[in-house]
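Colleague: I am new to this one and would like to understand the words you use for it. Could you show it to me and explain them as we go?

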Amino acid sequence: MAAVLPVAVFGCRPGVAGGVCFLEEQVVLHAAGAGCLRLHLEHKWHNFIPGTEKSRGVQALAVSPDRRFLAVSEAAGEKPVLAVYELAAERARRRKVPAAGELPARQTVSLAFSPDSRLLAAATAPPEGHLSCWLWEKQQPVASVRVPALGDGPCQMNLQRGEPENYLCHAWLSEEEVICGTDTGKLSLFETGQLHWETSLEYRKPPRELKEDTTTEEYESGLASEDNGLQQHPLPKISAVAAYSKGFACSPSPGVVLLFEKTNEKEVYKESQEVWLPQDQFSTEPKKSSRQDITCICFSPSEETMVVSTNKNQLYMFTMFSTKLIREKTSYFAYMNFPLHSNSITGLDMCAWKPILATCSLDRSVRIWNYKTNTLELCKEYQEEAYTVSLHPTGLFCLVGFSDKLRFISLLYEDMHVFKEFAVKCRECSFSNGGHLFAAVNGNVIQIYSSITFENITNLKGHTGKVHAIKWSADDTKFVSCDTHGAVYEWNLLTGKKESECVLKTCIYTSISLTYDAKIIFAVGSDQTLKEISESSIQHEVPAFDAVYTTVAVSRSGRTIFVGTSLGTIRAMKYPLTLKKDFSEYQAHAGAVTKMTVTSDDQFLLTASEDGCVFIWKVHDKEGGRVKGEQELKYAEEVLIMRSDIDEKNQAILDLQICVKDLQTESDYELRLKDLYCEGKIKALEENFTLEIDSLKTKYQILLEEKEKQELQHQVQLSELMDKQAREVQQLESESSQKLSTENEKYQELQVKSQKMEEEYEKQLHSLEESKTTAVAELKEHYERKLKEKSVLLEEAKENMRKQIEVHEEMEKLIYEEGDKEILELKDKYERQLVEEKESNVQLKGEMGVMNKRLNSLQKELKDRNRDIEEMRLEQQKLQDIIKSLQKDILALKTDIKERTETILEKEKHINDLKIKNQELQNFKFVLSYRIEEFKKQIESRENDIETMKKQISEMEEELEQFRKESMELKLNITQLQQKQKATAREVHREMEKKQDMETLIKRFKADLHNCVSYIHHPRKMKESICELYTKYVRQPDMVGAQAEDEDLQQQLKKQQEYNERNLTILRKKVTKDKEMQQAAYMRIIQENVSLIKEINDLRQELRVANTQVHSLQSALRLNKNKQPIQDTAPSSELLSGPDVLRLNPEMESEKIIEMQQLEIQYLRDQIQEKGQVLKCPGSVCFGQKSS
């Protein structure tokens, strides 16, 4: 048989004393359902601690100081049940259950452990108020006290005060201090039972941030009046108090927690922070959501987080900061995980494609949960109460049924968008397993719609009562429904008619479920049975055993049936069903289970209840394995989103990118300025450090020299000491040798004496041993005689005891016989007396009625008189306290008067001394004022010099720019001349090559002519040789000239192309250089501004230094008033120069800059002249060659 284990719980139980507490830094424990939940804030894991059997919910809980044990008080029957759990293991183990027989009440108000965790105390509610204490490990009661119910509140006390107060909460600040809060907004601090500090808190209104945005003051006042009308109880009431190391926290009005910290002033504690609950953005009335009553406050072990619980089942947390770090006094809580349901859950459904479930509640909200990550994905609150919800198999849509309409909602990424509304008063709805259809119940009619076209396909009519539950078959061909008149119908959706029916008019069905093959129907109702229906008849009926079944669900495999009861328990049954009590029952909810479903893979069971909690159960075999089913499906991750939302987010991204760029540019500029500033500082620090290093090096050398001197001194001293020691050792050796000789003689004499003494002592020992043996023998004989006598006496006493026992037995028999006779006689007497007393009781009852009335009136009079007496006693105590305090004040005032007279005399002496000093200072003041005026004149002259230097700098910068422009133009001319020079050099090279070619031709022609001359005597050969010369040296030059002309043209074209390309490159370089010049000028202006700012700062520093020197001069004047008068020996420049870096005279600096620039200009002009001469020389050479 399958078993279930709770893996997640979404919900919180309100109204529990100590309902929230920390177990570790990230682990919170709070009441949920019929037990407690351990929740990890970071890892999101849940650990449920179920309650005892027949538990109806937790009333109070407490954690031991060592955080090892948990005490829980549960409502189960007429008396509360107490249980203690050990929290060390993963699953909490129940240790002991103290007997609650001494708590004659139905509700436990509070639980608490002792500091050593050995004792457990419990307090019950009035009018049967008791305070009991146990040694819980031994289940042994220690004490029990009845607490009188004087008021309606949890406790009314009178701790040495005037009027009794109704205390709602308290917290121990230390072993002697306790802070208490009343229903009138008073905070009282008691120290060892006496009132130490008291304050009254006002009713707090929410800050402006929690109010609606208003445009006019009239509208604001109107809203305020409406809010005041809604608040029926505008009086402060401290509902919760908790202590921490710096002070305590309390809640004086709904929705706010005040933090008080300890001070050293008269006010022992002072308010430091105001923390408000946030507005619920998903709520239709966000102002009301922030006005919840805070019922419990707790702090983490490190006091970094504070968690509170409210009366609307919500948990909030706040990260604690130091008050020094927080500028604003008001802060806001955040949800501990997510908002929870605050009322009964009416609908629950899951989908196949995603690990999500949907719930709706009477708190008018619809929520989408993820049972894999244990998170809330979506939440939306509506104006009407939601009664039913159904998820589309894809998880992208859902149906929600309200009292007047049915809404088809799209589940977007961050919102729920109503896509379609149907005018149907729907209390039950469901999507088909394929998602193409959905059914809506309208009274006793079931309407089938298409989820694609939203057309009403068919209406299933036949129910006479209201339909409570509907279910689709796996293939969506069949449909099953049940109603309040005991009818279960099976419908065929293809024909729209009933296929089978089963009617039991004595039962009101509340839930049905189908097997996967749709052959068997399971139904539960008001007759406390689980029915198995097949073939239009009830096959089996399983009794509920003192419970009412409210919901039923069947696993996909059909082997396990899960049933929810009206007590909040879950039962798992094995199929086929048996009439025996063969099921596993699990404690879960504190109210009736309203909805239940099993996931499509049979891995999880989902349950919801009237207590507003949702439980996620893991289904597994009892042996520990997983339930066999289909393979695990991969869940879909698609999400719907509106196009308008995408556009808004894209626009927001673009805006943020622009902001980032702007911030980057600003930060770059600031970084540059900081770099420049830091570089100057680094230079100054480096110079200072170098000076310090040099000074330290000199000191080090001096110390080394001193060390060497001291080492030499120590060596001399050591040598002297060694000599002294050697002499002393020799003297000691001689003295010790003499002493040893004398001691040896004494030792020999003592040895002789000791031998004599040993002989004497041995003789004495022998005599003592002999006397001892004789005395022991005599004692043995004496004690043996006594033993014999005592044994005889023991035998005689035993015989006497036997005789007395026999006599005692006979007496017992006689006494028993006489007692039986007396009992019979007394029985007869008392029976007669009973008859007489019954008759007298009838008469006395009438008299008792009259006497009771008189007693009631007398008791009222006594109570009034006791109250008057107590009031008079309290007044008397007050007056006595006032008298004592006044006497103390008188003594304190007398002592103050004495002290003040002494202080007055001392102050008069001090005043006389100050007057004398004042006269001296006035004399110095006149001298110093004259010096200050002189310094001011010097400062003004310096400022005028600065302004003139600034003007000179600006003129020099303009001249520099002109020189730079001229230098650029000269550079361009130089480049052009260099290019021309290169072209002329190439032409010269070509002419030289032509000349060499011609010379070689002439040489060859001469050689050939010389050969021809040899044939003078042979005319034919002469003719042939001349023809060859003609062909060789006449036609070939023509061809060479044509080719040379073509080559010249091509070369000219190439030259023009190269010239054009060079011009382009030069122009491009000019453009880039102009840009660079502009950027350099811009950067130069920035640097000049920075340098000017630095100079101004330097001048300011010099002013400060001058002021400090003035103060130093004033102090020097005080010291040297009786010496020579002050002489103005130092010039103003030395006084103003201070400890900063030495600077040249600004006039000298400007002159040096001008000289350097003039030298550069002269150098450039010389270079230009040299280039011109070089260009002229090659031109003249070429011209001479051409002329030749």
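Modeller: Let us go through some labels and the values behind them, keeping in mind that this is a predicted model.

Colleague: Happy to. What makes Asp-363 and Arg-367 a salt bridge?

Modeller: The closest N and O atoms of Asp-363 and Arg-367 are 3.9 Å apart. A salt bridge needs a side-chain nitrogen of Lys or Arg within 4 Å of a carboxyl oxygen of Asp or Glu, so the pair qualifies. Both residues are buried. In total, the structure holds 17 salt bridges.

Colleague: What about Glu-381 and Arg-364: how far apart are their closest N and O atoms?

Modeller: They are 3.5 Å apart, and the two form a salt bridge. Glu-381 lies in strand β31 and Arg-364 in the loop between β29 and β30, so the pair ties together parts that are 17 residues apart in sequence.

Colleague: Why is Glu-381 called buried, and why is Arg-364 called partly exposed?

Modeller: Buried means under 20% relative accessible area, and partly exposed runs from there up to 50%. Glu-381 has 14%, so Glu-381 is buried. Arg-364 has 23%, so Arg-364 is partly exposed.

Colleague: And how do you know that Lys-498 and Glu-501 meet in a salt bridge?

Modeller: Their N to O distance is 3.4 Å, and the cut-off is 4 Å. Lys-498 is partly exposed at 38%, and Glu-501 is partly exposed at 40%. Elsewhere, Glu-384, Lys-405, Arg-407 and Glu-421 are joined into one network by salt bridges that share partners.

Colleague: Turning to strands, what makes β46 mostly covered?

Modeller: Six of the six residues in β46 (529–534) are buried. Thr-529, Lys-531 and Ile-533 are on one side, with Leu-530, Glu-532 and Ser-534 on the other, and both faces are covered.

Colleague: How do you know that β46 pairs with β45 and with β47?

Modeller: Pairing takes at least two bridges. β45 and β46 share four, in the antiparallel sense, with Val-524 opposite Leu-530. β46 and β47 have six bridges, also antiparallel, and Ile-533 stands opposite Ile-538.

Colleague: Last one: why does Ile-646 count as partly exposed, and which surface patch includes Ile-646?

Modeller: Its relative accessibility is 35%, so Ile-646 falls between the 20% and 50% limits. Together with Tyr-413, Val-639 and Ile-641, Ile-646 makes a nonpolar surface patch of about 340 Å². Ile-646 belongs to helix α3.

Conventions
Residues are numbered from 1 along each chain as its sequence is written. This is a predicted model: local features need pLDDT of at least 70, side-chain atom pairs count only at pLDDT 80 or more; totals for chains, interfaces and linings use all residues. Side-chain values use heavy atoms; hydrogens and water are left out. Buried means under 20% relative accessible area, exposed over 50%, partly exposed in between (1.4 Å probe, protein chains only). Helices (H or I, at least four residues) and strands (E, at least two) are DSSP runs, numbered from the N terminus. Patches are made of residues with over 30% relative accessible area and no salt bridge: like charges are joined within 9 Å, nonpolar side chains (Val, Leu, Ile, Met, Phe, Trp, Tyr) within 5 Å. Accessible areas come from the Shrake-Rupley method with a 1.4 Å probe; for residues, only the protein chains shown count as cover.
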